[in-house]
Amino acid sequence: MYKEDYPSQLLENAVDAISSLPGVGSRSALRLALHLLKQPSENVHHFTQAINDLRDNVCYCSECRMISDQPICSICGDGSRNHRQICIVESVQDVMSIENTGQYHGVYHVLGGIISPINGIGPSDLTIQALKDRLDRAKAAAGSDSLADVEIIMALPGDVEGETTAFYLYRQLAPYGVQVTAIARGLGFGDGLQYADALTLGRSIAGRQPFKVQ
């Protein structure tokens, strides 16, 4: 493999750091490092401070596990949202994609991944227990063993791993008596929500159907 001959150890360190980002090769990292070197120092310091703040100060909503600046995210803290609808998604990006459609007015639960044995990801690696704890709190607040007025919307990828995760969740949610639905499949097999256009994704949410075990 070609090894760049760097004139500066500091430059090499910067390139190594930038190239550690996904999808960024050493040549692209070098171009970015040289670009930063040409910028006013205050611009670069602002850039690095923003990254430091992201890593050190970002919160995960204690209710839905969405990225937030506060312990409770703006969606969960919005009293105008339908808190009896909980949309289950794989990632933070999926929440952002659905929000961009303007078609959904409930709340979310971010799993942080999907069950994938080949990648060593099992149910315990996801926020499934946090979802069950959330439903337990809802049951206690309602004073009922059944949450028949709560709708859980499965908005997971349409590939094998996504379907496996949805089936596992369906089994885990059965004792709560919730309604379980799934978004309509206007998306191609294996497509992620973040890659769908807003119109297609919005129609998939609006056209959701009762979840069926295959």
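1. Let's start with helix α6, residues 160-173 of this predicted model. With 14 residues at 1.5 Å a residue, the helix should span 20 Å, and its end C-alpha atoms do sit 20 Å apart, so expectation and model agree.

2. Which residues of α6 are buried? They are Gly162, Thr165, Ala166, Leu169 and Leu173. Looking down the axis of α6, you'll find these buried residues within an arc of 100 degrees, so they line one face of the helix.

3. Now turn to the other side of α6. Val160 and Arg171 are exposed there, each with over 50% relative accessible area.

4. What covers the buried residues of α6? The cover includes two strands, β3 (82-89) and β5 (151-154), along with helix α5 (128-142).

5. Stepping back to the whole fold: the protein chain has 7 helices and 7 strands. Reading from the N terminus, the order is α-α-α-β-β-β-α-β-α-β-α-β-α-β. If you are tracing the chain on screen, that means three helices, then three strands, then helix and strand by turns up to a final strand.

6. On burial and contacts: the protein chain is 214 residues long, and 37% of them count as buried. Take the contacts in the protein chain with a separation of 6 or more: 56% of these come from residues 24 or more positions apart.

7. Last, the surface. The protein chain exposes about 12,700 Å², with carbon and sulfur atoms supplying 53% of that area.

How values were computed:
Residues are numbered from 1 along each chain as its sequence is written. This is a predicted model: local features need pLDDT of at least 70, side-chain atom pairs count only at pLDDT 80 or more; totals for chains, interfaces and linings use all residues. Side-chain values use heavy atoms; hydrogens and water are left out. Helices (H or I, at least four residues) and strands (E, at least two) are DSSP runs, numbered from the N terminus. The expected span of a helix is 1.5 Å times one less than its number of residues. Buried means under 20% relative accessible area, exposed over 50%, partly exposed in between (1.4 Å probe, protein chains only). The arc is that of the directions from the helix axis to the C-beta atoms. Contact means heavy atoms within 4.5 Å. Accessible areas come from the Shrake-Rupley method with a 1.4 Å probe; for residues, only the protein chains shown count as cover.
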